[in-house]
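Grab a coffee and open the model. Here are some short exercises, each with a solution worked out in steps.

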Amino acid sequence: MIRYDVIVIGGGHAGIEASLAAARMGCQTLLLTMNIDSIGLMSCNPAIGGIGKGQLVRELDALGGEMAKNTDKSAVHYRQLNTKKGQAVHSSRAQTDRVMYKNTILETLQKQENLFLRTGTVTKILTKGKTAIGVETSIKEKFSGETVVLAPGTFLSGLIHIGMVNFPAGRLGENPANELPQNLKDLGFRMGRFKTGTPARLDGRTIDFAKLEAQPGDEPPMPFSFWTRHKVKNQQVCYITYTNKKTHDIIKSGLKYSPLYAGVIKGTGVRYCPSIEDKIVRFGDRDRHQIFIEPEGLNTIEYYPNGISTSLPINIQIKMLRSIKGLEKVEITRPAYAIEHDYADPTQLKPTLETRLYNNLYFAGQINATTGYEEAGAQGLIAGINAALRVKEKDEFILSRSDAYIGVMIDDLVTKGTNEPYRMFTSRVEYRLILREDNADLRLTPKGYALGLIPNTHYKKVLQKQRKKNLILDWLKQTRISPNSKINNKLKTLNTALINQPVTLEELLRRPQISYQNILEITGAVNKSLTDNSLLWNIEIEVKYKGYIDRMYKDIEKFQEIEEIKIPDTLDFRIVQGLSNEIKEKLTKQRPLNLGQAQRIPGVTPAAIFALMVFLKKIKNKY
């Protein structure tokens, strides 16, 4: 039996990040996937990022992940989202070339030292007692692994629905994994069923683009990765159109043939990315719904109609599409479909993404009840890191809610669980004013460097960036300007109050009408350290929101105080006085690592937390 340090099952976005992280940390790593040619395939929209998701990708990048770098190698359209809201929630998104993305990520994997690719359908996790020791495939081939990362995507008992027709598949045209989910149930894992879906793909030659609203990318486009040095550019245009009353009537007439409304689909769907039939039923007062017509790449005729996923029968799909402006003569290249798949209750995981049931076994991606490439990739990185650290017998790596969006996502999953596919949003993040896209490298790259995932050259650039930031903040705080006609004329053009006494540049920058670029113009600064474009946005936010940021850091200090109160692994919650039997059961089931996690478990009351805190102080010296 061939032996590896880390075995990763699945070649999707979670499996890619897990296997690269483990291999880059020096572990002999095997990536086992059903089809090597499908590694990195974007099953749904060929785009990376979005609201909340862009932050995940930038954090992944800052820690040494691959998704952002690969996006910049294959992107055709860049756009910042949420720009009408506060800077803290601005999110990056890029449309990519589907084929190029897959090819470039496969090339990266094939060139990675310590990483081996193998085709195989895993049917069984091999265990010894309560420890995972390897895997077995459908052809009875066994691989021994000190640690195992399971990242199977939607393939666990995957079932595709198109109207009343359904058939087993992991995605359209690919076989599902039917034996592995049964093995997981036999091992004692609580499993559930979720549903997701994708729209039809359209033949661009049959779209009347003249009738659509063009949506060009941002100029100049901003690279996704902190480490991209080549100039990125927009190479394609996206378009916008809308459904209408006729579209809605067609959909309503077909609801009886919808597996979702006929009761055929049992799995829970994605609340924040519903099918078009769901939108019509749930938002009956809306007379139209927006659709983004997005290119699948540079050298393809296919377009992706974002916002109109469905599981309606194919004949209704075509009628529905042809009722939409610009799509009156459209032909489809691939049908829309819904897919049901198994997942494991994520409260069965530790914050390292190791399972509570079996040592050395880690879950990542949609098996943990999430949806989206970005959520999967971020989990894959954390699982891969911790699998490698276990092999090296080093301390585990955990990001808290005050560290990163990634920390919020994982904490939500392992402490609260979810009854619907989990998607990342900025609204889930308490400290989002601090955990921004623009400072992800300053926050997390030192951690990635310590893990061995960030090269020394990148780390030095981040240290230099931090020094420049401190220099600029000091300059703004200490530099005063006196009123004169030139300065006041500039302030007048900016529609802000004139000055009649000396003020610091920091005070001036706090004004909503004034940007850091305006400060540079007012002072005539030419020092390169003061005009670093990578810091303009960061500096502006730090100054304008200083009061809020300082208050948030105080909140984080209080948060960390309770997070630092550890709960012993062996604590018997039944002996804690003041806890109800229900709360004792919840705490025993989920085994929180600290008082903060215990506080976030649904149903655990403030009174219970106080009782637990008192008990932990009493027994502090016993453990």
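**Exercise 1. Work out what Leu498 touches, and where Leu498 sits.**

Start with the contacts. Leaving aside neighbours within four places in sequence, Leu498 is in contact with Asn488, Leu491, Lys492 and Arg511. Keep in mind that this is a predicted model.

Next, place the residue. Leu498 belongs to the loop between helix 13 and strand 22 (503-504).

Finally, try a distance. Leu498 and Arg480 are 18 residues apart along the chain, and their C-alpha atoms are separated by 15 Å.

**Exercise 2. Follow the contact from Leu498 to Arg511 and describe the surroundings of Arg511.**

Step one is location: Arg511 is in the loop between helix 14 (505-509) and helix 15 (516-523).

Step two is the contact list. Not counting residues up to four places away in sequence, Arg511 touches Leu491, Thr496, Ala497, Leu498, Ile499 and Lys544. Leu491 turns up here, and it was on the list for Leu498 too.

Step three is charge. Arg511 is buried yet has no salt bridge. A salt bridge needs a side-chain nitrogen of Lys or Arg within 4 Å of a carboxyl oxygen of Asp or Glu, and the nearest side chain of opposite charge, Glu507, is 8.2 Å away from Arg511.

Step four: what does the side chain of Arg511 reach instead? Go to the backbone oxygen of Ala497, which the side chain of Arg511 reaches at 2.4 Å.

**Exercise 3. Take three salt bridges and say what each one links.**

For scale, a search of the whole structure finds 37 salt bridges.

Begin with Arg98 and Glu296, whose side chains meet at 2.6 Å, N to O. Arg98 lies in helix 4 (residues 98-111) and Glu296 in the loop between strand 16 (290-295) and strand 17 (302-306), so this pair ties together parts that are 198 residues apart in sequence. Arg98 is buried, and so is Glu296.

Then go to Arg401 and Glu430, which form a salt bridge at 2.9 Å, N to O. This pair links distant parts of the chain, 29 residues apart: Arg401 is in the loop between helix 9 (373-391) and helix 10 (405-416), while Glu430 is in the loop between helix 10 and helix 11 (440-451). With a relative accessible area of 3%, Arg401 is buried, whereas Glu430 is partly exposed at 39%. The two also belong to a network of salt bridges that includes Asp411, Asp412, Lys416, Glu563 and Arg600.

End with Lys490 and Glu521, where the salt bridge is 2.9 Å, N to O. Here the link runs from helix 13 (residues 485-493), home of Lys490, to helix 15, home of Glu521, and the two residues are 31 residues apart. Lys490 counts as partly exposed at 26% relative accessibility, and Glu521 is partly exposed with a relative accessible area of 42%.

**Exercise 4. Find the largest cavity and the second largest pocket, and name a part of each lining.**

Cavities come before pockets here. The structure holds four cavities of 30 Å³ or more, and about 60 Å³ of space lies in the largest cavity. Its lining includes Tyr78, Arg79, Gln80, Asp218, Met222 and Pro223. Strand 4 (75-81) and strand 5 (91-96) each supply at least two residues of that lining, and strand 4 gives the most, with three.

Now the pocket. The second largest pocket has a volume of about 1,200 Å³. Of its 30 lining residues, the closest to its centre are Arg58, Met222, Pro223, Asn533 and Ser534. Helix 12 (456-478) and helix 16 (533-544) are the elements that give two or more residues to the lining. Helix 12 has the largest share, five residues.

**Exercise 5. Pick out the unusual backbone geometry.**

The background first: most residues other than glycine have a negative phi, and most peptide bonds are trans.

Check the peptide bond from Glu219 to Pro220: it is cis, with omega near -5°. Pro220 is found in the loop between strand 14 (213-215) and strand 15 (238-242).

Then check phi. Lys140 has a positive value, near 65°, in the loop between strand 8 (131-137) and strand 9 (142-150), and counts as exposed at 61% relative accessibility. Asn495 has a positive phi as well, near 60°. Asn495 is in the loop between helix 13 and strand 22, exposed, with a relative accessible area of 65%.

How values were computed
Residues are numbered from 1 along each chain as its sequence is written. This is a predicted model: local features need pLDDT of at least 70, side-chain atom pairs count only at pLDDT 80 or more; totals for chains, interfaces and linings use all residues. Side-chain values use heavy atoms; hydrogens and water are left out. Helices (H or I, at least four residues) and strands (E, at least two) are DSSP runs, numbered from the N terminus. Buried means under 20% relative accessible area, exposed over 50%, partly exposed in between (1.4 Å probe, protein chains only). Lys and Arg count as positive and Asp and Glu as negative; His and the chain ends are not counted. A polar contact is a pair of N or O atoms within 3.5 Å; within protein, one must be able to donate a hydrogen and the other to accept it, and residues adjacent in sequence count only if both atoms are side-chain atoms. Contact means heavy atoms within 4.5 Å. On a 1 Å grid over the protein atoms alone, a cavity is a set of points where a 1.4 Å probe fits but cannot get out, and a pocket is an open set with protein on both sides within 12 Å along at least five of seven lines; lining residues have an atom within 4 Å of a point. Grid points are joined across faces, edges and corners, and a volume is the space filled by probe spheres set on the points.
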